[in-house]
Amino acid sequence: MSAENAVTDTPTAQPTTPHDPYLWLEEVDGREAMTWVQGRNAETAATIEATPEFTATEQAIREVLDSDDKIPDVSRIGEHYYNFWRDAQHERGIWRRTTLDSYRTDHPAWELVLDLDALGEAEDQSWVWHGASVLRPAPGEEWRHALIDLSPGGSDADVTREFDLVTKSFVAPEDGGFLREESKGGLGWIDADAVYVYTDFGPGSMTPSGYPRIVKRWRRGTPVTEATVVYEGEPEDMYIMGWRTHSPGFERDFVGRSIAFYDSETYLVQDAGTPDEKLVKIDVPRSAEVGVKREWMLVELRDDWTVGGATYVAGSLLATRFEDFLAGARGFTVLFEPTPSSSLAGATWTAHHLVVNVLEDVKNRLHVLTPPPLAEGPDVPWTRSELPGLPTIGTVVVGAVDSEESDDVWLVTTDYLTPSTLSLLTVGAGTAPEVLKSSPAFFDAQGLVIDQHFAVSDDGTRVPYFVVGREGLVRPAAGADPTSAAEPADGAPAPVGSRPGAAPTLLYGYGGFEVSLTPGYSGTLGRAWLVDGGVYVVANIRGGGEYGPAWHQAALKAKRHKAYEDFAAVARDLVARGITTPEHLGMEGRSNGGLLAGNMLTQYPELFGAVIVGVPLLDMLRYTHLLAGASWAAEYGDPDDPAQWEFIRTFSPYHLFDAEREYPPVLFTTSTKDDRVHPGHARKLAAKMLAAGKDVTYYENVEGGHGGAANNAQAAHMAAIHYRFLREQLG
């Protein structure tokens, strides 16, 4: 989930909260809470981490993360191609650039732009890169004005500092440089001397979710206190922001008002920065996503919409000329309409085309749509063509190189067993993609296969899932008894992982916020799990976006149980197919997936031999009062409403835990610096289970934010804990 909020050290009072003996664990950096955390971490260090197997796994993972052979992702900024890179020598990372000709070579010549390790050492701060935004210059001028977001320790709260790409140095505030102090929010370029700023301006300027409630226009050389208010949201809104589009000849200013997830408004700022400035609301459904590019407006629907005498179905992508729409026209061209097996995964503009990415049963397909020239009438259809030669199972990611000046796109193709390949393709040219880079194989995939199956949930819904592993394990012989183990010739028991029905299996899921889980290569997963006989499974349960908005909406609020029933159905189907057994089946979920894991633990403990609960929501009575929780009420419901609490409590693991019930071994992981999902969720349920004598392992990283790790060393350490826990519990 992408919601954010600021850390508070003191738990918020909630009148409806019954006595909670572990409320003190919500004090993020409280002395008693941190003493408890340190004690649990020490126990993990003395058990899981104190083995040669852990050291070997951690080293194998670290080699993948630090490898110089990984594909360096690049973004075109002017004539340069920029990349942010971490490795063993650059733990926090470096921002660097090269040319396209150099990038095409096996060993590009990189020019250092910013060294975060050196910056952190000089400023005594553990900076974590959050990205950069660069202003498109006027023709003939240099690309130089950048805004860089840096987070202390990996929290969502960050700072924004102006950076000069020509001198490769920060522009100090005393020299007129823009600086946004640490908070949730951001800056966005208007021109070389002005930005939109949305941040913490003081009391009353932040929403209950911890997002900015006010957006202002800030001129260079003036204090932020003198910035001019452009828009002020309502006190209960979720997020307010402003931005300018910089397409030459189509420069426009907008304000975005997020009322809640899946509920937003977009305003055009007419005559921006003049005495005649006014905001014009773009009249589309509040549940829709709207985007404006040059003369076109695209609308992606989450609900059916009847307008202009026509009804458009949820999940569709519509197009119209923006100026015509502002003038009152309500005719749309349907660029994509979903089917029962397909959904829109995304759309990417180039200079002359729109590349539409579609999921067909969780497999990507690309289509090229070309709009008619501006001089032609509004009823002229868009032309359509295909991009052939893409994989039948796997993920294809497409992104424009420079949507203003070029029809080139980056294509990244991958699947669970195929390392990523980066290609450059000119859309509409009729040429094949040019392969630029291929990631190395970090593990031996010989004998491993990928299958897709469908489980049947409690209400009859077919739920897709992917299975990856050795062919003999994931495709057991017909008629084989999954509960029996073949005996080798010498009479010794066959090792776990070498016999059908007994493979250690990791089942992963998310099921929320319309997020789709698609196949991708992981050298870490391959080295630490697959090559040693582990099976990996990804469940595309409801709540996600694999089949569009309806798939997501099927598991909202009172229907949340559908996601958990789907996941349980996949677990049972794996056993029925002879791939594994409950004692050899583990599952993992993070964030919203951590809530999934908590519910598997408390509602379906008999299905699993081990459970990993990562950066989770677990106390669903208090979640709206902890950090960013208020912003997720559209997903889960409002526990302060007694009627809604009646269904929320049916999926609140903290309240579903029963000290008298048997549970599989569980690993909780979180981060002290997580200012999105409060670490108190994991702390409190772990403490409650420990007090009841359950088999609990706990590890809390002090840095890393919601991602869990601030550098490769921390990421390798966390991953090794996960995989070694599963190995020890599942065999």
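This report covers the nonpolar cores and one helix pair of a predicted model.

## Basis

Local features need pLDDT of at least 70 and side-chain atom pairs count only at pLDDT 80 or more, while totals for chains, interfaces and linings use all residues. Residues are numbered from 1 along each chain as its sequence is written, and side-chain values use heavy atoms, without hydrogens and water.

## Nonpolar cores

The largest nonpolar core (buried Ala, Val, Leu, Ile, Met, Phe, Trp, Tyr and Cys joined through side-chain atoms within 4.5 Å; buried is under 20% relative accessible area, exposed over 50%, partly exposed in between, with a 1.4 Å probe and protein chains only) has 124 residues. Leu-507, Tyr-536, Phe-608 and Phe-668 touch the most other members. Helix α15 (residues 712-730) gives the largest share, nine residues; helices are DSSP runs of H or I, at least four residues, numbered from the N terminus.

Beyond four places in sequence, Phe-608 touches residues including Leu-507, Phe-567, Met-600 and Pro-664; contact means heavy atoms within 4.5 Å. A second, separate core of 16 residues includes Trp-305 and Tyr-312.

## Helices α2 and α15

Helix α2 (residues 52-66) packs against α15 at about 135°, with the axes 8 Å apart. Axes are lines fitted to C-alpha atoms over the stretch in contact, and angles run from 0 to 180 degrees between N-to-C directions. The two helices are therefore oblique to each other (under 35 degrees is roughly parallel, over 145 roughly antiparallel, 65 to 115 roughly perpendicular, the rest oblique).

His-717 lies in α15 and, at 17% relative accessibility, counts as buried. Outside its neighbours within four places in sequence, His-717 contacts Glu-49, Phe-54, Glu-58 and Tyr-699.
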